[in-house]
Amino acid sequence: MFYFLAMLACTDLGLSTATIPKMLGIFWFKIGEIAFGACITQMYAIHICTGLESVVLTVMAIDRYIAICNPLRYTMILTNKVIAILGIVIIVRTLVFVTPFIFLILRLPFCGVRIIPHTYCEHMGLAKLACASIRVNVIYGLIAFSVGYIDLSVIGFSYVQILRAVFHFPSWDARLKALSTCGSHVCVMLAFYLPALFSFMTHRFGHNIPHYIHILLANLYVVFPPALNPVIYGVKTKQIREQIVKRKQENIWQNMTAQQNGTLSTEASDFLLNCFIRSPSWQHWLSLPLSLLFLLAMGANATLLVTIWLEASLHQPLYYLLSLLSLLDIVLCLTVIPKVLAIFWFDLRRISFPACFLQMYIMNCFLAMESCTFMLMAYDRYVAICHPLRYPSIITDQFVVKAAMFILTRNVLMTLPIPILSAQLRYCGRNVIENCICANMSVSRLSCDDVTINLFYQFAGGCTLLGSDLILIFLSYIFILRAVLILKAEGAVAKALSTCGSHFILILFFSTILLVFVLTHVAKKKVSPDVPVLLNVLHHVIPAALNPIVYGVLAIFWFDLRHISFPACFLQMYIMNCFLAMESCTFMLMAYDRYVAICHPLRYPSIITDQFVVKAAMFILTRNVLMTLPIPILSAQLRYCGRNVIENCICANMSVSRLSCDDVTINRLYQFAGGWTLLGSDLILIFLSYIFILRAVLILKAEGAVAKALSTCGSHFILILFFSTILLVFVLTHVAKKKVSPDVPVLLNVLHHVIPAALNPIVYGVRTQEIKQGIQRLLKKGW
């Protein structure tokens, strides 16, 4: 397995070396020229590396298949000789299919435009510049590309066999253990094939998508897999993790031995970060959500920055401030979260003095910058609402530049004494920081000196910087409310306040987490010492993840970014219909579960087994994936030659189909028939289940038996009511659309996708005793 991983790493190194330096040269220094020979070489290297990676992933899938389906014969089948032969086959196959690209390009004459609209050279990008026919290139390109389908078919067959073998295991622990060995491979495959799929889809169907999106997706295709592969295998593969930790521990042991021999000074030379003293188990279940939040924060902020940079309509002062906020969030996340995850995953707790004080300075400085940015955004909203006519003359580009200089100067100078005061202290005792990060006071407590000045400056600086910002934000909103309440025009108040919605939500997130963190520090004797540590970490990642989402996801309402590409629209349509039908089917199976539990309690363990759940999940997936697939296909085959404005917030099937120039009778018929077949049959079966349940319950004569039996159905029944009621009201408003505002069905459609999703976990969490007890045990364990 690790030989194959080494092959994958070599391939990633080759792909990165062939593409990234030239990309950075274009981005940083505008070096767009490339010699014809160099271009051919780069094209060849890129296609060789991507071809090799596809085959290596296929062979790794076969490796997993043998390890799980034939574990006793694994060492006999995959010997070093077999691996060497496979390596030769991988290289030869790739060379055979990729080498003809060179000769197909060299035979073409290039006599016209010589500008490749891309950041690297690839086969079709070069061929399109030729003066002659490129039909042979196109045909061979499709043949070479189809080889990838063979790889995917082999991978798919391997995983089908793996799943079939795994579900024959007697216990769930054995199944999970077997499947966990495939986790890294699946993640790496997704990282490789998903960007390729999106790039292909945008090229094939995205004729209305801006050209820079095509380039961005193509760049991600050659950047993401090499960056993620070692991270995924390093985190998820136990043997690699253990080796990293082992080598780190050896270094620590060498340092301790050197210290005992007198080669190190008596003073501490570095710190150890000890995250959760009372609850070390928190690290394991916090690592996954924290890493997801980190990826979300980085991706969302980067997307927001690129969008504002490329969209000329967003080159306005407010969006410049928003860009500054995204930059601050990215720096804060990169300063804190990677080190925290390194502690959680690899136990790399050691941090040097300079790195610790640098982290301390960046955290304090950029946190104060973020607060100051919020204050300036509040001033922007104050001017926009209270002095709208003077807004263009006050909030200018020059104002933004001066504001940025003020933010930088004030916070750089005001927070600089914090690490300087801490660095001047002597650390001659313990060197274990009881925190995940180098917070000022957590570090200062380890000193042998008096830290009164540190305490005083931390308090005074916090009140001066953050306190003054919050006071000015509060005053801005008072003036805004006073100005808004004077407005008398219909809808003017709501319209004016809606422009402040995003900013107000972010202020609440920022200040609430900060306030709770401060209060837990004040009342530290009454709460676990791990709680302030957790809040401190979350305060550096949750606002960073939420800021771009609040400003970006609700873009239709707040930024009026209403454009959506054809592929994205039809993909959204399919996911909505498919997952709505899956949810309905899941409710039906839950109703059957309650029916068996109440009407046949003695047979319940033999009917509702793990095998039944697996088969039920397969039924839910198969039925709804296949039954809803024709909906986007039928819509995508229509011609759209008139209006392109969908009168909805989402890509609902009939809202899209109405824009077509063709006959949509088949679409209407399939939507109606499919809806009744899927949702209607589920509701009928749910109704029948509850009739049988009621009949069985009413026969019970024991005191309290009726209430006890029905209470087990309470959560399910409440969720069915929410789900079906909103759906029913939505259908009725569509039927009676001439008598109600056309906005009502649109609103109900949006609510139907968010209210059940929000209520389902709450209802089951509150009403299900086992879940409540599980949460209580988890909290008690943590505390």
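**Exercise 1. Determine the handedness of the crossing of α16 and α19 in this predicted model, then describe how the two helices pack.**

Solution.

Step 1. Helices α16 and α19 form a left-handed crossing.

Step 2. Locate the elements: α16 covers residues 397-415 and α19 covers residues 452-486. Their axes lie 11 Å apart, and the packing angle is about 165°.

Step 3. Classify the angle. An angle over 145 degrees counts as roughly antiparallel, and α16 and α19 are therefore roughly antiparallel to each other.

**Exercise 2. Identify which residues of α16 meet which residues of α19, and sort the contact by residue class.**

Solution.

Step 1. On the α16 side, the contact is made by R410, N411, M414 and T415. On the α19 side, the partners are Y457, T464, L465, S468 and D469.

Step 2. The residues of this contact between α16 and α19 comprise three nonpolar, four polar and two charged.

**Exercise 3. Establish the relative direction and the handedness of helices α27 and α30.**

Solution.

Step 1. Helix α27 spans residues 610-628, and helix α30 spans residues 665-699. They pack at about 165°, with 11 Å between their axes.

Step 2. Because angles over 145 degrees count as roughly antiparallel, α27 and α30 are assigned as roughly antiparallel to each other.

Step 3. The crossing in which α27 passes α30 is left-handed.

**Exercise 4. List the residues through which α27 and α30 meet, and give the composition of the contact.**

Solution.

Step 1. Helix α27 contributes R623, N624, M627 and T628. These meet Y670, T677, L678, S681 and D682 of α30.

Step 2. By class, the residues of the contact of α27 with α30 are three nonpolar, four polar and two charged.

Definitions and conventions:
Residues numbered from 1 in each chain as written. Predicted model: local features only at pLDDT ≥ 70, side-chain atom pairs only at ≥ 80, totals over all residues. Heavy atoms only, no water. Axes fitted to C-alpha atoms, helices over the stretch in contact; angles between N-to-C directions. Helix = DSSP H or I, 4+ residues; strand = E, 2+ residues; numbered from the N terminus. Parallel < 35°, antiparallel > 145°, perpendicular 65-115°, else oblique. Left-handed = near helix turned anticlockwise from the far one by under 90°. Contact = heavy atoms within 4.5 Å. Nonpolar A, V, L, I, M, F, W, Y, C, P; charged D, E, K, R; others polar.
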